[in-house]
Amino acid sequence: MCGIIGAMLFEGIEDKVMLNMRTEAVIYLMTELLYMTHTRGKDATGIAALFADSNYCGLKMGIPSSEFIVRFGEKETDYDGFIKIIRKKDDLRVFLGHCRKTSVGLAEDNANNHPIKIGSIIGVHNGTLDNHDVVFEKLKCERDGDVDSEAIMRLLYFYTKGGKEPFTPAM
C-alpha cells in the first residue's frame with residue numbers, strides 16, 4: 001500500500017523570522033517523512049504545496065522517495081528546486097506527499113502518480129478502487145491517466161461543482 005504524509009499550517013504568525021522557521025521545520029519534517037515512508041511505496045513519489053493565495057505547485061516522478069529527495073538543482077523539476085519555490089513564499093498552508101506502490105496504472109506515466117490534480121481539487125489516495133471504470137463511465141469524463149485514484153478526484157470535482165462548493169456528507 002502507498003504512504004501518505006501531510007502537514008497543515010495555520011495562520012496567526014506575523015513575524016517573518018518565525019514564519020521562515022516554521023517553513024524550514026515543515027520542509028525538514030516532510031523530507032524526513034518522505035524518506036521514512038518509502039517502504040510503503042517505491043514506485044513513485046509526489047509532493048504538493050498549497051498556499052494561502054490558492055496557488056499550488058507540485059512535483060512527482062516515477063522513482064522512490066529516497067532518490068526523489070536527493071535531486072538537487074536549480075530546476076523546478078528537482079526536489080531542491082521545488083523547495084526553493086516554497087522558501088520564496090511566506091503563505092504555505094499545506095504540504096502533501098505520497099509514496100506510491102503501483103496497483104493500477106504504470107508509474108512511468110506521471111499522470112498516474114500522486115498527488116492528482118483535477119481543476120482545483122488536489123489529492124492522494126491509498127488503496128485500490130475496483131469500480132473506477134464505472135465511475136468514469138457514469139461521470140462521462142475523460143481520464144488523464146489509468147490510475148484508479150483519479151476517479152476519487154473526479155468525483156470530488158463533480159460533486160463540488162469544480163471545487164466551488166464545499167464537500168458535504170449529503171453529497
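Colleague: Which side chains along E1 point to one face and are buried, and which point to the other?

Modeller: In this predicted model, Gly3, Ile5 and Ala7 point to one face of E1 and are buried, while Ile4, Gly6 and Met8 point to the other face and are not buried. In a regular strand the side chains alternate between the two faces of the sheet.

Colleague: What makes E1 and strand E4 a pair, and in which sense do they run?

Modeller: Two strands pair if there are at least two bridges between them, and E1 and E4 (residues 92–100) have six bridges, so they count as a pair, in the antiparallel sense. In E4, Val94 is the bridge partner of Met8.

Colleague: Why is Gly105 called buried?

Modeller: Buried means under 20% relative accessible area, and Gly105 has 17%, so the residue is called buried. Gly105 lies in the loop between E4 and strand E5 (116–118), and, leaving aside neighbours within four places in sequence, this glycine is in contact with Arg100, Asn112, Asp146 and Val147. The C-alpha atoms of Gly105 and Phe95 are separated by 24 Å, with the two residues 10 apart along the chain.

Colleague: Why is Ile13 called partly exposed?

Modeller: The term covers values between the 20% limit for buried and the 50% limit for exposed, and the relative accessible area of Ile13 is 31%, so Ile13 is partly exposed. The place of this residue is in the loop between strand E1 (3–8) and helix H1 (16–36).

Colleague: What makes the nonpolar surface patch that includes Ile13?

Modeller: The patch is made by Ile13, Val17, Met18 and Met21, and has an area of about 360 Å². Patch residues need over 30% relative accessible area, and Ile13, with 31%, therefore passes that cut-off.

Colleague: Which residues touch the most other members of the largest nonpolar core?

Modeller: Of its 23 residues, these are Ile47, Phe68, Tyr79, Phe82, Ile86, Leu92 and Phe95. At least two residues of this core come from each of E1, H1, strand E2 (44–51), strand E3 (56–61), helix H3 (79–88) and E4. There is also a second, separate core of five residues, including Ile118, Ile121, Val147 and Met153.

Colleague: What does Ile86 touch, and what covers the buried residues of H3?

Modeller: Not counting residues up to four places away in sequence, Ile86 touches Thr23, Ile27, Ala49, Phe51, Leu92 and Phe95. In H3, Ile86 is buried, as are Tyr79, Asp80, Gly81, Phe82 and Ile83, and the cover over the buried residues of this helix includes H1, E2, E3, helix H2 (65–68) and E4.

Notes:
Residues are numbered from 1 along each chain as its sequence is written. This is a predicted model: local features need pLDDT of at least 70, side-chain atom pairs count only at pLDDT 80 or more; totals for chains, interfaces and linings use all residues. Side-chain values use heavy atoms; hydrogens and water are left out. Patches are made of residues with over 30% relative accessible area and no salt bridge: like charges are joined within 9 Å, nonpolar side chains (Val, Leu, Ile, Met, Phe, Trp, Tyr) within 5 Å. Accessible areas come from the Shrake-Rupley method with a 1.4 Å probe; for residues, only the protein chains shown count as cover. A salt bridge is a side-chain nitrogen of Lys or Arg within 4 Å of a carboxyl oxygen of Asp or Glu. Helices (H or I, at least four residues) and strands (E, at least two) are DSSP runs, numbered from the N terminus. Buried means under 20% relative accessible area, exposed over 50%, partly exposed in between (1.4 Å probe, protein chains only). A nonpolar core is a set of buried Ala, Val, Leu, Ile, Met, Phe, Trp, Tyr and Cys residues joined through side-chain atoms within 4.5 Å. Contact means heavy atoms within 4.5 Å.
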